Amino acid sequence: MSETKINQEGSTLVVTVLVLVILSILGTAALTLTNTELLIARNMKLKANAFYNAESGVRFALTGIKRGLINSTLDLPGIKIDKDELNGLDLSATLNVDNARSEGIIFLYPNPLSENPADSNRYCFISTGKDETDSDTKATISTCFQIKDKPYYAFKQGIVSGGNININGVVNIDGNLHANGNITQTGVGGGAVDGQVTSVYESEIDADVNGTIAFGEEYEIHIPRVTSDNIPSEFDADEVLSGGEEIDQSLVDNVWNDTSSENPIIYVNGDVTIKSGTDVASLTIISEGSIEFKGHSSWEDNEKLSTTIIAMNDITFNGSSDSYGIFWCNGSFIRKGSSLVHGSIVAGAEVDDSDVDFSGTLEFNYVDNMSDDIYVPSPSTPVNITWKEM
């Protein structure tokens, strides 16, 4: 029997070629995958840049809207309107916001981005951003917001003075004390403050403080002044008085009998005196001069604050009082006598309690539960802001 020999010459070359082909395929696949991942990463970066630029447009527009509403005018590139005209206005102008690196902002009203009727009072705009290196990569963000009046920060504190706060006696305060000057407690001293005590200059207070005590320039806050631009005018009032007149209970009763308003306005062209025992609950009293409460001036708000006392000069209490409301003046808030005050006190100059009664006690309770009808100095601002990428 003869044996057949198989010729295996060249098999090594075939195997080598197959291995090289497989390696080439794997290398090509790896290179393609790497290039794909690089392209994905690049596109993600471009997309992120476009999104951030679109988002910067949103923030720029909201800042401009808020600033414009505070100044009573919406003033952005390409559009300038009074805030009173916003309701129902079709804001369809396209704005170029170069410093926000946004390609453009389109304002839309009424809100076309929702079929919910409850959203019809919302303002909407669309901001489109693009990458600076690739104009084809864009991102679009839809933004909706509502415009609402919110009380100035100063009215959300307690007792606030643009100057000093001087207290001669014992204090029992539930709320914050703030002065753009300093806070000084003299006399018998003592008492308690359940809140923060902040001032621009170093203060001396003897009462026990259950909160922060701090001073420095960083604590200075904006206190809006009483001007004809930010209070109701005499033409909006239910009763207009000349300077030097008095407000008594019979006048207040006549105002209530002659109006259907839930918060009637009494406007005084000068100084005014409010006689002892007069109930001014749920009224707005505005004086172009000073307001002086004589004798016993006591009134209450059952559930929410609904009384506002506004003076372009001083507000003074010359007797005992148990009063609820917002007290706002350009001058000093002065209390000479015993008092229990509930609400918010904001004075441009000083909050001065320099002549207390024999008990030597000033009691104050900050109340933030304000009626929707009460007049409180408030800037319009966008609220309930939502945005999403389209």
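How exposed or buried is Glu389? In this predicted model, Glu389 is partly exposed, and its relative accessible area comes to 38%.

**View 1. Overview of the predicted chain.** The chain, a predicted model, contains 2 helices and 30 strands. Of its 390 residues, 45% are buried, and the surface that the chain exposes amounts to about 20,300 Å², with carbon and sulfur atoms supplying 49% of that area. Among contacts with a separation of 6 or more, 47% join residues that lie 24 or more positions apart.

**View 2. The salt bridge between Glu389 and Lys47.** Searching the whole structure gives 1 salt bridge, in which Glu389 pairs with Lys47 and the closest N and O atoms are 3.8 Å apart. The pair connects distant parts of the chain, since Glu389 belongs to strand 30 (residues 380–389) while Lys47 belongs to helix 1 (residues 11–70), a distance of 342 residues along the sequence. Side chains of opposite charge can pair when their charged atoms come close. Like Glu389, which is partly exposed at 38% relative accessible area, Lys47 is partly exposed, with a value of 37%.

**View 3. A patch of positive charge on the surface.** Four lysines, Lys66, Lys148, Lys150 and Lys156, gather here in a patch of positive charge on the surface. One of them, Lys156, sits in the loop that runs between strand 6 (134–149) and strand 7 (158–161). With a relative accessible area of 36%, Lys156 is classed as partly exposed.

Key:
Residues numbered from 1 in each chain as written. Predicted model: local features only at pLDDT ≥ 70, side-chain atom pairs only at ≥ 80, totals over all residues. Heavy atoms only, no water. Patch = residues over 30% accessible without salt bridge, like charges linked within 9 Å, V, L, I, M, F, W, Y side chains within 5 Å. Areas by Shrake-Rupley, 256 points an atom, 1.4 Å probe, with all protein chains shown as cover. Salt bridge = Lys/Arg side-chain N within 4 Å of Asp/Glu carboxyl O. Lys, Arg positive; Asp, Glu negative; His and termini not counted. Charge placed at Lys NZ, Arg CZ, Asp CG, Glu CD. Helix = DSSP H or I, 4+ residues; strand = E, 2+ residues; numbered from the N terminus. Buried < 20%, exposed > 50% of the residue type's maximum accessible area, 1.4 Å probe, protein only. Contact = heavy atoms within 4.5 Å.
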